[in-house]
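Subject: Handover of a structure

Dear colleague,

Please find the structure below, together with its sequence. A short account of what was found in it follows.

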Amino acid sequence: MAPAEVIVVDLVLIDGELGMVKLTADGVLEAIEYGEPSRYWTVKKDVLGFVVEGKYIRIKTVVEREEGICCGEFGGDYSRKDFVFEPFSEDAKNRFCFKLRQYLDSLGRPKRLLVFVNPFGGKKSALKIFEKQVKPLFEDADIQLDVQETKYQLHAREMVRSMDVSKYDGIVCVSGDGVLVEVVNGLLQRADWKTVFKLPIGVIPAGTGNGMIKSLLDAVGLQCCANSATISIIRGHTRSLDVATISQGNTKFFSVLMLAWGLVADIDIESEKFRWMGSARMDFYAIQRIICLRQYNGRVLFLPAPGFEGYGQPTSYRLYKEPPVSNNKALGYQGPDTKFEDVDEWREIKGPFVSVWLHNVPWGAENNLVAPAAKISEGTHVQSPYVAYLKVKAFALEPGALVGEPDTEGIIDADGEVLARGRRSYKCEQIALMSYDKLQVTVDQGLATLFSPEY
């Protein structure tokens with residue numbers, strides 16, 4: 001194979017000694033020093049950016065740690081390490097900077113980002129994580145930031161539903177999964193959703209769950225921490241993500257993570273009273289709920305994916321899609337245009353159920369591998385004889401009351417937020433988006449775009 005074309009090469013001073021730097025068309029930056037082995041960086045992977053400091057050029061690079069521990073300001077899979085050299089003339093300095101900038105611009109990296117920081121999530125550490133770990137890396141990559149601090153629940157959804165997002169190359173959520181879900185729902189409620197939903201969305205883990213970013217980073221062996229997530233966003237690689245539409249009449253919720261009913265929903269929502277414990281609240285309350293296990297009556301109906309046709313019993317069902325509200329030209333996304341016309345392919349499983357849990361990605365939280373076969377490691381719970389683990393193309397839930405307590409119903413949880421509260425459930429007096437009744441779930445494959453490490 002012929003060597004790559006040299007874009008720019010110059011004699012320079014490195015630590016006061018004569019050397020040479022070279023950038024080739026395949027994006028390899030090489031530093032040659034007398035009596036030392038050459039050093040190489042792949043611009044796409046290793047170089048965040050550069051800055052001119054008087055007569056010097058400082059290349060801002062990251063290197064992979066052999067063993068990273070995600071703790072504190074300096075944790076993660078990568079560490080920063082700069083390379084500084086001095087060109088012999090102003091012309092040589094300008095020429096090198098021009099060529100390197102030209103190459104960096106060709107990579108399609110984001111140049112301006114809208115950043116939401118949720119100061120209330122998890123252990124309320126998002127602002128510190130952003131200031132200490134995230135912002136410095138974005139600045140090193142010369143990315144402009146428009147930072148918005150969320151003030152209350154659904155604030156991010158309100159903002160993206162109305163603001164001009166056309167000037168950004170992406171949206172970043174420094175939070176748990178909650179702000180990500182708000183952004184997805186806000187964008188899909190816009191009249192111009194087809195345009196704005198093409199914006200990539202990135203997540204920096206700073207909350208309790210962090211299931212989405214854990215799923216993305218774990219798939220390539222990276223740790224779930226701000227360091228790795230931020231560098232993945234800077235590099236600009238993206239991947240598509242399925243979006244589920246949960247419908248009940250004309251009411252819709254757009255989900256990217258999961259829907260839960262029974263044990264998991266009870267733990268997720270009722271453990272809010274222990275939020276001061278951070279992510280440990282889940283484990284603490286899970287023990288209580290497992291000791292005092294609840295079972296719910298109900299029925300699930302599903303259209304099985306290939307290979308899962310043997311689960312449940314045959315039943316007839318047809319997806320119902322409400323007609324759009326008339327005389328409303330500002331309608332947003334109305335859900336996938338499903339064409340599952342064969343009613344005889346549907347199956348059903350009747351309760352009682354301890355838990356029903358639908359998942360779009362493998363990890364429900366940083367420490368919870370729920371769906372190991374989900375596309376986007378092994379969860380041994382799926383091998384239990386008490387667990388039915390299957391893939392579906394569409395789904396309907398008919399939730400019921402607690403076994404032995406017909407006046408007490410449960411909670412339906414979507415992406416960590418309460419979708420419906422039944423009678424005598426936790427905080428049942430609060431209004432929820434949907435009623436505790438039949439709902440259906442359909443999926444639009446690859447609708448969303450996420451910043452992601454390269455697979």
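The side chains of Glu 86 and Lys 55 meet in a salt bridge, with 3.8 Å from N to O; a salt bridge here is a side-chain nitrogen of Lys or Arg within 4 Å of a carboxyl oxygen of Asp or Glu. Glu 86 lies in strand β7 (residues 78-87) and Lys 55 in the loop between β5 (47-53) and β6 (56-64), so the pair ties together parts that are 31 residues apart in sequence. Helices (H or I, at least four residues) and strands (E, at least two) are DSSP runs, numbered from the N terminus. Glu 86 counts as buried at 16% relative accessibility, whereas Lys 55 is partly exposed at 49%. Buried means under 20% relative accessible area, exposed over 50%, and partly exposed in between, with a 1.4 Å probe and protein chains only.

Before going further, the basis of these statements should be set out. This is a predicted model, in which local features need pLDDT of at least 70 and side-chain atom pairs count only at pLDDT 80 or more, while totals for chains, interfaces and linings use all residues. Residues are numbered from 1 along each chain as its sequence is written, and side-chain values use heavy atoms, with hydrogens and water left out.

The chain as a whole

The chain has ten helices and 25 strands. Of its 455 residues, 50% count as buried. It exposes about 22200 Å², of which carbon and sulfur atoms supply 51%; accessible areas come from the Shrake-Rupley method with a 1.4 Å probe, and for residues only the protein chains shown count as cover.

Further salt bridges

The structure holds 25 salt bridges. Side chains of opposite charge can pair when their charged atoms come close. In one of these bridges, Asp 105 is joined to Arg 101, and the closest N and O atoms are 3.8 Å apart. These two residues are four residues apart in helix α2 (residues 90-106), so about one helical turn separates them. Both are partly exposed: Asp 105 at 35% relative accessibility and Arg 101 at 26%.

Helix α3 (residues 126-140) holds Glu 131 and Lys 135, again four residues apart, about one turn of the helix. Their salt bridge has its closest N and O atoms 4.0 Å apart. Glu 131 is partly exposed at 42%, as is Lys 135 at 29%. In addition, a network of salt bridges links Glu 53, Arg 58, Lys 60, Arg 80, Asp 82 and Asp 140.

A four-stranded sheet

An open sheet is formed by four strands in the order β18-β14-β23-β24, with antiparallel pairing; two strands pair if DSSP finds at least two bridges between them. Its edge strands, β18 (355-359) and β24 (417-421), each pair on one side only. From one strand to the next, the twist averages 15°.

Strand β14 (residues 258-262) pairs with β18 over five bridges and with β23 over three. Within β14, Ala 260 stands opposite Trp 357 in β18 and opposite Asp 413 in β23, while Trp 261 has Val 356 of β18 as its bridge partner. Five of the five residues of β14 are buried, so this strand is largely enclosed by the rest of the structure.

Helix α9 (residues 263-270) lies across β14, β18, β23 (411-414) and β24, and runs at about 100° to β14. Axes are lines fitted to C-alpha atoms, for helices over the stretch in contact, and angles run from 0 to 180 degrees between N-to-C directions. Contact means heavy atoms within 4.5 Å.

Covered regions and loops

Helix α7 (residues 211-218) is mostly covered, with seven of its eight residues buried; among them are Met 212, Ile 213 and Lys 214.

Ser 425 is placed in the loop between β24 and β25 (439-451). This residue is buried, with a relative accessible area of 10%. Leaving aside its neighbours within four places in sequence, Ser 425 is in contact with Glu 409, Gly 410 and Ile 411.

Gly 312 is found in the loop between β15 (296-304) and β16 (313-314) and is partly exposed, at 21%. Its C-alpha atom is separated by 8.4 Å from that of Lys 350, which is 38 residues away along the chain.

Yours sincerely
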